[in-house]
Amino acid sequence: MSQINLLICGEGGQGIQTIAKAILDTANLSDNFISYIPSFGVEQRGTPSIAFLIISDKPVLYPKFNSADICVILQQRAIDSVVKYINPNTTVLFDSSTVLHTKIPKIAAKKLGLPATKYAREKFSPRSYNVIIYGAISKMTALNSDQAEETIISVLSGKLKDKKLEESYRQAFKFGYEAVLETGKYSFALYQTKTEINIIRDQNKTAEIDPNLCKGCGICILKCPVKALQFGEESGVFALPVPTIDIAKCIACGNCRRFCPDGAIGVDKK
Amino acid sequence: MIDKMPKSWNRKTKPHLFCPGCGHGITLKQLGYALDELKIQKRTTFGIDIGCSLLAWNFLNCDTIQTHHGRTTPVMVGFKMAKPSRVAIAYMGDGGGYAIGLQSLLHAAFRNDPITAILVNNENYAMTGGQMAPTTELGIKTSTTPNGKTLNFGNGFLGPELVKQISQKQSFVARVSVSQPEIVKLTLAKALQNQIQNNSFSFVEVLSICPTNWKTDAKDSFLRLESMQKYYKLGEIKDESN
């Protein structure tokens, strides 16, 4: 293939533009012509973030395209904004632990799943899911694996504070590069945002946490005077973890509701 | 849980558009409680500025006007002149209020126009990526001051003190912080009362947090807010010359 039209989409803050830049830097090392258009809203977080990339062995005359060869989807909410670029010859790669495979448009030629969020949380560091996806994209676009690994580590160097974390990101990349992608049988979308409110009760108080509103800022955990809250396994609306409550410790002081900027948490006395 | 939220808190538009941990969410929620307390939701008009504050366009369930950058105050003054029975709120950030829109704010205070101006101060231009603002304190690193803000750009801008200097006696000027949400609510209610009962100008600056552009987590954000409170003194600003 002389030209690859690559489209990466997800939630703002997931690292879409970071992995897009790393892919281009790697492609540039081996004498390819590249073009890149980032697309996101005025908000810094929480709107779909899309990257349009072209990797070609001829000069790129026009950076826009109407049909993607490879479309990467990291969050279910972003599908609506990229559905017009998915055509009968598009290969869709998606994070099958956050996106339901039935939501992917049927028209796509191939639907490849990779439960990156699940593996990142189980095996590597929780925020490394985009590096796993990056590894899979590097393989699909036939990039050199060693070069790709060095590029992503140098792009992320400001965030990787110690050697241990860097090593886990290198492992995550290698895992993504060598992962067998799911074709027919997909993983269960375990970490997709729930729509119902979590209700936790004991004899004299009821706690409510709404994952559909929670953005995972952690202010409630900081402001809890008895440390009854901590981050849990579930994902909130911005793909960040939602707090869980230890109802036995809770004294129903109301600090979490008072400080929550999103109105996502509250404890009531019966 | 939802019935514990303010009546004006528009459930249909949630989750709102602000970043995780944004102080705008805390401030607007307390404003909603203040509107409930005074029972003025139906006769409130809410003016918003350009910048992060514009993301509040559908936060509250009351009439909203979106204006040009820094022109929230004059638009709300004009609105109040045309419809004196309404309660006019001008909601802006520190860029809109202190940088481009300062003359509008000062003249509204000088003329004692009966509106309530609420200014959320997070020490940077947050929507464009955290550049230096007039309110940035000395030594703070932003994307345009990579070695820390130096004295030739001035220290943090003391807005409420300046507004109080030129405003008239009846006006109400105060500074509060999102680290004390209950006080935010009480102060906003007092500012709205001043507009309704005394027919005078009121101005409240809310010190806020910006985890996205400060690049901090919840704990570090509130630590920085504490150090901000040492420079920006909280409470009602009194005119010492009188």
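Across the chains of this predicted model, the count of aromatic pairs comes to 13. One of them brings together Tyr119(A) and Phe175(A): the ring centres are 4.8 Å apart and the planes stand at 65°, so this pair is edge-to-face. From there, let's walk through the rings, the sheets of chain A, the sheet of chain B, and two buried spots in chain B.

**Aromatic rings and nearby charges**

- The Tyr119(A)–Phe175(A) pair joins distant parts of the chain, with Tyr119(A) in helix H3 (residues 116-122) of chain A and Phe175(A) in helix H6 (residues 163-178) of chain A, 56 residues apart.
- Both partners are partly exposed: Tyr119(A) has a relative accessible area of 21%, and Phe175(A) has one of 22%.
- In chain B, Tyr231(B) and Tyr232(B) make an edge-to-face pair, with 4.9 Å from centre to centre and 80° between the planes.
- The two tyrosines of that pair sit in contrasting surroundings, since Tyr231(B) is partly exposed at 26% relative accessibility, whereas Tyr232(B) is buried at 0%.
- Back in chain A, Phe52(A), Phe65(A) and Tyr85(A) are linked by ring pairs into a cluster.
- Tyr119(A) also has a charge for company: the charged end of Lys118(A) sits over its ring, 5.7 Å from the centre.
- A similar arrangement involves Lys223(A), which lies over the face of Phe259(A) at 4.8 Å from the ring centre.

**The six-stranded sheet of chain A and its helices**

- Six strands of chain A form an open sheet with mixed pairing, in the order E2-E3-E1-E4-E5-E6.
- Strand E2 (33-39) and strand E6 (110-113) of chain A are the edge strands, each pairing on one side only.
- On average, and with direction ignored, neighbouring strands of this sheet are turned by 15° against each other.
- Strand E1 (residues 3-11) and strand E3 (residues 48-56) of chain A run antiparallel and are joined by nine bridges; within this pairing, Ile8(A) has Ala51(A) in E3(A) as its bridge partner.
- Helix H1 (residues 16-29) of chain A lies across E1, E2 and E3 of chain A and runs at about 10° to E3(A).
- Helix H4 (residues 129-140) of chain A also packs on the sheet, where it touches E1, strand E4 (70-73), strand E5 (91-94) and E6 of chain A; its direction makes about 160° with that of E5(A).

**A hairpin in chain A**

- Strand E9 (residues 229-235) and strand E10 (residues 241-245) of chain A pair in the antiparallel sense over four bridges, with Ser235(A) opposite Pro241(A) in E10(A).
- Five residues lie between E9(A) and E10(A) in this hairpin, and Ala239(A) in the turn has a positive phi of about 65°.

**The seven-stranded sheet of chain B**

- Chain B has an open sheet of seven strands in the order E2-E1-E3-E4-E8-E7-E9, again with mixed pairing.
- E2 and strand E9 (235-236) of chain B stand at the edges with a single partner strand each, so one side of each has no neighbour in the sheet.
- E1(B) and E3(B) run parallel, joined by five bridges, and Ile48(B) stands opposite Tyr91(B) in E3(B).
- Helix H5 (residues 159-166) of chain B packs on this sheet, touching strand E7 (172-177) and strand E8 (202-207) of chain B; its direction makes about 170° with that of E7(B).

**Buried residues in chain B**

- Helix H2 (residues 72-82) of chain B has Thr72(B), Thr73(B), Met76(B), Val77(B) and Lys80(B) buried.
- Seen down the axis of H2(B), these buried residues fall within an arc of 130°, so they line one face of the helix.
- An α-helix has 3.6 residues a turn, so residues three or four places apart point the same way.
- The face of H2(B) turned away from the buried side carries the exposed residues Met81(B) and Ala82(B).
- The cover over the buried residues of H2(B) includes strand E1 (44-48), strand E2 (63-66), strand E3 (87-93), helix H4 (102-110) and helix H6 (181-198) of chain B.
- Leu28(B), in helix H1 (residues 23-38) of chain B, is buried at 0% relative accessibility.
- Beyond its neighbours within four places in sequence, Leu28(B) is in contact with Phe18(B), Phe46(B), Ala56(B), Phe59(B), Leu60(B) and Tyr91(B).
- The C-alpha atoms of Leu28(B) and Ala56(B) are separated by 8.1 Å, with the two residues 28 apart along the chain.

Technical notes
Residues are numbered from 1 along each chain as its sequence is written. Chains are lettered from A and ligands numbered from 1 in the order in which they are written. This is a predicted model: local features need pLDDT of at least 70, side-chain atom pairs count only at pLDDT 80 or more; totals for chains, interfaces and linings use all residues. Side-chain values use heavy atoms; hydrogens and water are left out. Buried means under 20% relative accessible area, exposed over 50%, partly exposed in between (1.4 Å probe, protein chains only). Helices (H or I, at least four residues) and strands (E, at least two) are DSSP runs, numbered from the N terminus. The arc is that of the directions from the helix axis to the C-beta atoms. Contact means heavy atoms within 4.5 Å. Rings of Phe, Tyr and Trp (its six-membered ring) pair if their centres lie within 6.5 Å; planes under 30 degrees apart count as stacked, over 60 as edge-to-face and the rest as tilted. A charge sits over a ring if NZ of Lys or CZ of Arg is within 6 Å of the ring centre and within 35 degrees of the ring normal. Two strands pair if DSSP finds at least two bridges between them. Axes are lines fitted to C-alpha atoms, for helices over the stretch in contact, and angles run from 0 to 180 degrees between N-to-C directions.
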